[in-house]
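Dear colleague,

Please find below the structure that I am handing over to you. My findings follow it.

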Amino acid sequence: MKKTITLAFIFMLLFIFGINISTAKTKEITGISTVVGSYCHNGFVPHNVVMFGGDLVVADKDNHRLSVVDVNTSSVIKTYGSYGTNKNELRFPRGLVVYGKELLVCDSYNNRIVFLDGGYKTSNILNLKKSPKSIFVLENVLYVLCEDGMTIDSYNVKSFEVLKSFSLKHHAEQITGINSMIIGSGSGTVSIIDIGSGSYETKKDISDALSLNTLEDKIYALFNDKIAIYDKDFNKSSEFSIKQSGKYLYPVKSGIYVADEERALVYFYKDGKKAATYGKGKKAVKISLVSAKGNIVATASDVSIDIYRKGSLVAFINEPGAVDIKLFDDILYVLKENSISAYKLNSYESGEISVKLIGSLEANNSYLFTSMDVAGENIYISEASSGKVLKTSTDLNVFSTVISKLTAPSSVAYGDRSLYVAETGKLSIYDLAGNLKKQVDGSYTSVTYNSNNLFAISDKAKKIDRFNSSLESLSPLAYEGYFLGLTDIEAKEYGLYICDYSRREIMVYTNETLDISENNITVNSAPFTGSVTNGQTLTLKVSGAGMMNHLPRVGDVRYNPVSCGVDADVRFKEDKGRYTANISMHNVGNYTIKVKYQKQVYHAAGWRDSQTADSIITKDIPVTVTEGNKQEQDKITIIQNELLNFFEYFFKK
């Protein structure tokens, strides 16, 4: 009885207060906002290393940057670059070489060599027609190993004049040189080209070397279990055993650095013994799945399922083999090829999250699950072997068939009381009774729906197409560049989460802007039209550009929504990436609500308020306040107050 009365009063309160319950609308998703997960969180995956100006410089290829390490403290003191095509951006940097007071970088996927000065500022750029893989400089000539691993082009390192080209008979991963020789290594072959005559030979006795490099008149070779040193004629002078191998070595006068890409570490060997280790040591994995709920993001790889909060790893599940994951309220659902499991996430004030298995449901062994979507109390699952969409409840009771006779469905999404299914060569809409409503041609691997927009990963075109709820084509996701390894997407009201394993990161695409319009304001949950009656409450919901940047780099900028108001400022409250404040004006007239943002810059110690002249950004919203029906307002106020008093008294009882 008490429960019935309680529900009745809640309904009355909702009715009298004029609260409208409706589906949240998303802003137009137009551009990249931030990265919330990465290939090697807070570390580097060393593809190549050099010593430059006393620092150890790591080519962190898959994180699209250089990491500068202080060899005395073992800490990263600076990074250069982030994914992109602009002057100070990189795409898969690989080869490194020091030339005088400059550091030369193979900006591989941008088809260029970037020259950096001693302060890690871009001093010059050599644009190439082909992607560079490895480089070295000998007597003012720059030699570039191209992406095919068999073509070497040469340039005057000062004038960029194009010189000769050389061809290898065997594929190489890297090149170096000594005297008048170009030495290529990798793929089980060491090739030597005489620069003057162009004659070619191979060195079979060291063909299993993983990496070769030179220093003065010596050649250094890295093997699986040893490092050997040779003279310029390849006569061995010494060697020593090693326990941890790598992919690339860089000799200096005091020792030898070895880059271990597999373990995400750099070793330093001195006098035949390992003297130092640099890096976080996290194994590199390919993130293939993503799901988000507020500031919590779950990612899955072939090793584990990792759970991030605001960019920090707070929990993980040692469960490989997931084909899809979904965060729904405080539950994480994990789909495998013929089973589904549910994990309860418990949050703590410390920021940590505990994970507990609370249920699972096994399916027929012949089933091949490919994806799922959670809607209300149901989970919809695409199953490829027999061509079905199945349904189970969120408490994982039993499977039932919703749609049959599909052609190898790869993904399913719920939206607008319909099911969107990516099948072989087509995209389809079905009602919840399993009836086909519409189909369009196209090969898609993953689909997601939010607020009348269906996003779909195009398998062949490496892009994200967009449709309305009726499968009419809209503009595709705008991005300057292209995706290389799209695997999963998930749309939320505040953005689109995209998993691109080639970049080893999770990206959020959203329209984080400082511009304010009527779309940012509601009045009693109804749309704002520019005017209100006196006493009505306006609710402002804004986003601050860069506020979803959960993995910032030094120098990144964001704008923190601080306050809004007319005479007195009202502080914003943060809620799942959006910032909310309530304002009311009791006098009739024309007003300007001022929304203030604080510019912040990321330093090594964290985000800090900018102290420059442009540190506070203000945006204006004009509002007209008119006289309301005072008698009616008084009645409503009296009823609301009486109900609230009774409601409070009732629950105290």
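What share of the contacts in the chain with a separation of 6 or more comes from residues 24 or more positions apart? In this predicted model, such residues account for 46% of those contacts.

As to the overall make-up, the chain holds 59 strands and two helices. Of its 653 residues, 52% are buried. The accessible surface of the chain amounts to about 30600 Å², and carbon and sulfur atoms contribute 48% of that area.

Turning to the interior, the largest nonpolar core consists of 29 residues. Within this core, Val49, Leu56, Leu66, Leu103 and Tyr257 have the most contacts. Leu56 may serve as an example: leaving aside residues up to four places away in sequence, Leu56 touches Val49 and Tyr257, and its other partners are Val50, Met51, Ser67, Val68, Val69, Val71, Val266 and Tyr278. There is also a second, separate core, which comprises 23 residues; among them are Ile521, Met547, Tyr591 and Ile621.

Two backbone details may be of interest to you. Phe160, a residue other than glycine, has a positive phi, near 65 degrees. Phe160 lies in the loop that links β12 (151-156) and β13 (162-167). Asp329 is likewise not a glycine, and its phi is positive at about 55 degrees. The position of Asp329 is in the loop between β30 (324-328) and β31 (331-336).

With kind regards

Note on methods
Residues numbered from 1 in each chain as written. Predicted model: local features only at pLDDT ≥ 70, side-chain atom pairs only at ≥ 80, totals over all residues. Heavy atoms only, no water. Helix = DSSP H or I, 4+ residues; strand = E, 2+ residues; numbered from the N terminus. Buried < 20%, exposed > 50% of the residue type's maximum accessible area, 1.4 Å probe, protein only. Contact = heavy atoms within 4.5 Å. Areas by Shrake-Rupley, 256 points an atom, 1.4 Å probe, with all protein chains shown as cover. Core = buried A, V, L, I, M, F, W, Y, C linked by side-chain atoms within 4.5 Å.
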